[in-house]
Amino acid sequence: MSTSIENIGVFTSGGDSPGMNAAIRAVVRTALYYNIQVTGIRRGYEGMINGDMFIMDRRSVANIVQRGGTILKTARSDQFRTPEGRKKAYQQLQKNKVDALVAIGGDGTLAAAHIFGQEFNIPIVGMPATIDNDLFGTDFTIGYDTAINTVVNAVDRIRDTAESHDRLFIVEVMGRDSGLIALRTGIATGAEAILIPGTTTDIEAIYSRLERDRRHKASKIIIVAEGEEEGGAFKIGDQIKEKYPNYDTRVSILGHIQRGGSPSCMDRVLASRVGVAAVEGLLDGHRNEMFGLIHNTITSTNFSQTIKHNTIINPNFLKIVEILSL
Ligand code: F6P
C-alpha cells in the first residue's frame, strides 16, 4: 500500500446509530495497523469547524464495540452548510495536520462530505451509518438491524396489550424520508397494515382492511412511518377513531428508543468490515466514495450516487403484508 496519507481524521455526524462505535473502532485500529496516525473529531462537522480534535490510540477505542451511541459524539451543523464554515473546517484540519477523512453517517453526512472533498481536494471516504437504511450503495446501513430488532421487541409487547384488550394500535416508527424500518418490522410483527412514504398505501387501503373484518374482535397493529404523507400516527388515529368508533384505538410513538442500545451482531460485523475496507480504500487511493456491503461483498460507490435517497420500496414486501395479514 503506497500512500502519502499520514493522519486520518474520523468523525460521526447526523443522527447517531447503533454500531457507530464499532465503526470508529474499526477505522482507528485499521489505520494504526498500517502505521497511520488517527485524529478523532468530536461532534461531526461542527467539531471540525471548532477544532475539537484529539489523537487516538488503540486504547481510545477499547471496550466500545458493544456500546450504542458514538464516543465521538455527533451533531447536525448549519455552519458547515456555508462556504465560510467549510473553509474554517479545512483550516482546522490543516492546523491539526489531518490529511484525509473517514465520515461516518447518513445521507446528510455524505452529501456534505461530497461537497467538502470537491471544494478542498481532500481525500475523503464514507461509511453508511443511519437507522433509516436509506442510502444507495449498501444493502444495509450500520444501525438498521439493531433498530428494527428494537422495534420488533417493542411491538411484540404492544401486541400483548392489544391482544388482551382487543385493541387496535397505531404504532409510529422512525423514518423521516424512508419507510424501510416500517416495511420490515411490519412483516416481522405480523402487522395488519403498514403506511409508508412514497407508496400508494394510504388511509383508504387501511379502511378497506378494517372493513374486511369489522365484526372480528381481535388485536390489530398498524405500523406507520414517521414520514408518511397522511401526517403521522396521531392524525391517522383520530381519523380511524372517528370512522370506526367500535374499535378501541390507541396510538404509540416509539421515538428515539429506536436509535439507542447495544448494536446487534450484524451491525457490529458490518461496521467492522466496512471500517477496515474504508481505511484500506483510502490508502489505496479511493476518494469521494462510500464503502458498503452489497450481496455480502464490499463495494464502493461514489458519493453522488449514495446520497440519492434509497427509498425504493420492494412491492413484493407490501404484497407480503397484504397476503399474510389475512
Ligand atoms: O435519520 C435518522 C432519524 O432517526 C430519522 O429517522 C428521524 O426522522 C430523525 O433521525 C430524527 O432526528 P432528530 O433526533 O435530530 O430529531
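Analyst: A molecule sits in a pocket if more than half of its atoms lie within 2 Å of the pocket's grid points. The model discussed here is predicted.

User: Which pocket is the space taken by the ligand?

Analyst: The structure has a pocket with about 740 Å³ of space. That pocket is where the ligand is placed. The space taken by the ligand is therefore, under the rule of more than half of the atoms within 2 Å, the largest pocket.

User: Which class has five residues in the shell around the ligand?

Analyst: The residues around the ligand are R76, I131, D132, M174, G175, R176, E226, H256 and R259. Two of the shell residues are nonpolar and two are polar. The class with five residues is charged.

User: What percentage of the ligand's accessible area does the protein cover?

Analyst: Oxygen atoms of the ligand lie 2.8 Å from a side-chain N or O atom of D132 and 2.9 Å from a polar side-chain atom of E226. For H256, the distance from a side-chain N or O atom to a ligand oxygen is 2.7 Å. On its own the ligand has 400 Å² of accessible area, and the protein covers 77%.

User: Which element gives the most to the lining of the largest pocket?

Analyst: The lining has 36 residues, and those nearest the pocket centre are G14, R76, D107, G108 and R176. At least two lining residues come from each of α4 (107-120) and β6 (167-173). With six residues, the element that gives the most is α4.

User: How many residues of the lining of the largest pocket are polar?

Analyst: The lining is divided into three classes. Nonpolar residues number 11 and charged residues 12. The number of polar residues is 13.

Terms used:
Residues are numbered from 1 along each chain as its sequence is written. This is a predicted model: local features need pLDDT of at least 70, side-chain atom pairs count only at pLDDT 80 or more; totals for chains, interfaces and linings use all residues. Side-chain values use heavy atoms; hydrogens and water are left out. A residue is near a molecule or strand if one of its heavy atoms lies within 4 Å of it. A polar contact is a pair of N or O atoms within 3.5 Å; within protein, one must be able to donate a hydrogen and the other to accept it, and residues adjacent in sequence count only if both atoms are side-chain atoms. Accessible areas come from the Shrake-Rupley method with a 1.4 Å probe; for residues, only the protein chains shown count as cover. On a 1 Å grid over the protein atoms alone, a cavity is a set of points where a 1.4 Å probe fits but cannot get out, and a pocket is an open set with protein on both sides within 12 Å along at least five of seven lines; lining residues have an atom within 4 Å of a point. Ala, Val, Leu, Ile, Met, Phe, Trp, Tyr, Cys and Pro count as nonpolar, Asp, Glu, Lys and Arg as charged, and the others, Gly among them, as polar. Grid points are joined across faces, edges and corners, and a volume is the space filled by probe spheres set on the points. Helices (H or I, at least four residues) and strands (E, at least two) are DSSP runs, numbered from the N terminus.
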